[in-house]
Amino acid sequence: MKLTFVSNYINHHQIPLSNELYRLLGEGYTFIQTEPMEEERLRMGWQDEGGKLPYLRLFYEEREYCERLILESDAVIFGGTDEESYIKPRLAAGKPVFRYSERIYKSGQWKMITPRGLKKKYEDHTRYRKGAVYLLCAGGYVASDFHLVRAYPDKMLKWGYFPETKNLHKETLLGKHKEGTVSLMWAGRFIDWKHPELPILLAERLKKKGVPFHLSMAGGGEMEEEIRRLTAEKGLEKEVTFCGYRKPFEVREMMEQTEVYLITSDYKEGWGAVLNEAMNSGCAVVTSHAIGAAPFLIRHGENGLVFQSGDLNDLEKQTERLIKSEAERRKLGAAAYETIRQDWNAEKAAGRLVKMAEAMLGGKKPAGETVVQNIENLAYEAGPLSVAEVISPGRMYGHLTGN
């Protein structure tokens with residue numbers, strides 16, 4: 001089988017999945033990169049893999065070859081770029097396509113009412129609702145967004161990002177949990193919708209209560225000076241350490257030494273691969289309900305905790321709950337690790353994708369695993385490529401927490 005993945009550029013979040021697809025398909029798998037990587041990403045420690053990967057082809061250097069490959073492949077995954085011209089010939093030919101998308105209404109679903117926006121969504125998505133086009137939903141809110149524009153009915157599947165999965169020893173996971181000061185961590189760009197101010201305001205409250213903790217903040221960006229100033233104003237210099245930008249492997253190493261990981265982004269965080277990474281590092285995670293990964297990866301109280309996005313009181317409540325209970329930190333961290341190791345990883349996602357593509361082409365169900373009786377009998381029961389439920393943003397917090 002010939003499978004092609006088309007996206008703006010390949011990065012460390014996509015390489016593990018591509019490596020697995022290449023392992024399964026060999027020269028039958030190609031990743032087409034449509035544009036060079038942004039300078040900001042390179043400054044953050046992301047690497048431009050260039051010619052290092054045997055399956056990587058550059059559209060802007062081999063346009064004719066890539067166009068032919070997109071049209072002739074048995075199945076194509078398309079995502080990460082808004083430019084429709086790459087796959088229009090394939091869609092027009094009615095050949096199988098997996099559309100791979102984060103949210104289309106990250107700033108609010110009210111935006112769907114604009115006539116210009118509706119016209120664009122119809123041209124890009126809705127008109128293919130009866131075709132051989134499936135939507136890989138990179139986040140728990142994607143299905144709700146596309147449901148509003150009546151696209152991909154009964155053809156929306158859970159997907160996401162699949163960064164490197166590490167196989168760690170149980171002793172490593174449990175060894176980080178020690179009596180005394182509890183380690184907290186936050187990592188990312190210091191920008192408004194990631195809300196780096198929330199961990200600092202949380203730290204202020206914890207210090208006033210005499211709760212033992214230390215917070216590490218990794219990253220940088222336009223709000224860094226403001227956050228450093230806020231930290232000084234609150235008298236938190238001893239409790240908070242700013243680590244600056246770290247390369248991806250260094251962030252993972254920090255996570256592996258951290259007990260509680262905080263994710264504070266709002267709805268603009270389409271997925272949030274740090275959640276996968278923190279869970280795989282055995283962290284007890286406290287995450288905003290608004291990030292796309294939370295509805296797919298977190299079972300509140302079982303493998304992590306969810307707080308209502310932007311609610312400092314709820315963030316404080318969930319974090320303090322973990323700081324006060326070493327047993328719960330261990331339990332949630334171990335369960336989080338198993339969630340990634342067993343279900344949400346590149347090996348499982350790639351294997352399922354290949355089976356599903358082969359089943360689509362051959363008119364059969366994927367072999368070897370339980371499937372549910374919908375989406376033309378192709379969807380899995382749980383995990384990657386299971387049915388993506390349509391749950392509105394306003395209902396998601398209650399759905400996840402039972403509140």
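Me: How much space lies in the largest cavity?

Reply: About 30 Å³. Please keep in mind that this is a predicted model. The count of cavities of 30 Å³ or more comes to one.

Me: What makes it a cavity and not a pocket, and which residues line the largest cavity?

Reply: The word cavity is used because a 1.4 Å probe fits there but cannot get out, whereas a pocket is open. The lining of the largest cavity consists of Phe5, His13, Gln14, Leu17, Tyr100, Gly160, Tyr161 and Phe162.

Me: What is the volume of the second largest pocket, and which residues lie nearest its centre?

Reply: Its volume is about 360 Å³. Of the 20 residues in the lining of the second largest pocket, Lys158, Pro295, Phe296, Trp344 and Gly383 lie nearest its centre. Helices α12 (294-297) and α16 (393-401) each give at least two residues to that lining.

Me: Why is the contact between glutamate 204 and lysine 234 called a salt bridge?

Reply: The N to O distance between these side chains is 3.4 Å. A salt bridge needs a side-chain nitrogen of Lys or Arg within 4 Å of a carboxyl oxygen of Asp or Glu, so the pair qualifies. It links distant parts of the chain: glutamate 204 is in helix α8 (residues 197-208), and lysine 234 is in the loop between α9 (224-233) and β10 (240-244), 30 residues apart.

Me: How do you know whether glutamate 204 is buried or exposed?

Reply: Glutamate 204 has a relative accessibility of 16%. Buried means under 20%, so glutamate 204 counts as buried. Its partner lysine 234 is at 30%, and because that value falls between 20% and 50%, lysine 234 counts as partly exposed.

Me: What links lysine 207 and glutamate 239?

Reply: Lysine 207 and glutamate 239 also form a salt bridge, with the closest N and O atoms 3.6 Å apart. This pair too links distant parts of the chain, with lysine 207 in helix α8 and glutamate 239 in the loop between α9 and β10, 32 residues apart. Lysine 207 is partly exposed at 37%, while glutamate 239 is buried at 16%.

Me: Where do arginine 341 and glutamate 338 lie?

Reply: Both are in helix α14 (residues 326-342), three residues apart, which is about one turn of the helix. They form a salt bridge, and their closest N and O atoms are 2.8 Å apart. Arginine 341 is partly exposed at 38%. Glutamate 338, at 19%, is under the 20% cut-off and therefore counts as buried.

Me: How many salt bridges are found in the whole structure?

Reply: The search finds 22. Some are linked in a network, which joins Arg205, Lys209, Glu316, Glu320 and Lys324.

Me: Why is the pair of tyrosine 22 and tyrosine 55 called tilted?

Reply: The whole structure has 17 aromatic pairs. In this one, the ring centres are 5.5 Å apart and the planes are at 50°. The centres are within 6.5 Å, so the rings pair; the angle is neither under 30 degrees nor over 60, so the pair is tilted. Tyrosine 22 lies in helix α1 (residues 15-25) and tyrosine 55 in the loop between α2 (39-43) and β3 (56-58), so the pair ties together parts 33 residues apart in sequence. Tyrosine 22 is partly exposed at 28%, whereas tyrosine 55 is buried at 2%.

Me: What makes the pair of tryptophan 186 and phenylalanine 190 edge-to-face?

Reply: Their planes are 80° apart, with 5.4 Å centre to centre. An angle over 60 degrees counts as edge-to-face, so the name fits. Both tryptophan 186 and phenylalanine 190 are buried.

Me: How do you know that the charged end of arginine 57 sits over the ring of tyrosine 65?

Reply: The charged end is 4.1 Å from the ring centre, and the limit is 6 Å, together with an angle within 35 degrees of the ring normal. Arginine 352 likewise sits over the ring of tyrosine 380, with its charged end 4.3 Å from the centre.

Me: Why is tyrosine 152 called buried?

Reply: Its relative accessibility is 0%, which is under 20%, so tyrosine 152 counts as buried. Tyrosine 152 is in the loop between α6 (142-148) and β7 (156-158). Among the residues it touches are Arg99, Asp124, His125 and Phe146.

Key. Residues numbered from 1 in each chain as written. Predicted model: local features only at pLDDT ≥ 70, side-chain atom pairs only at ≥ 80, totals over all residues. Heavy atoms only, no water. Helix = DSSP H or I, 4+ residues; strand = E, 2+ residues; numbered from the N terminus. Buried < 20%, exposed > 50% of the residue type's maximum accessible area, 1.4 Å probe, protein only. Contact = heavy atoms within 4.5 Å. Phe/Tyr/Trp six-rings, centres within 6.5 Å; stacked < 30°, edge-to-face > 60°. 1 Å grid on protein atoms, 1.4 Å probe; cavity = no way out; pocket = protein on both sides within 12 Å on 5 of 7 lines; lining within 4 Å. Points joined across faces, edges and corners; volume = space filled by probe spheres on them. Lists of a residue's contacts leave out its neighbours within four places in sequence.
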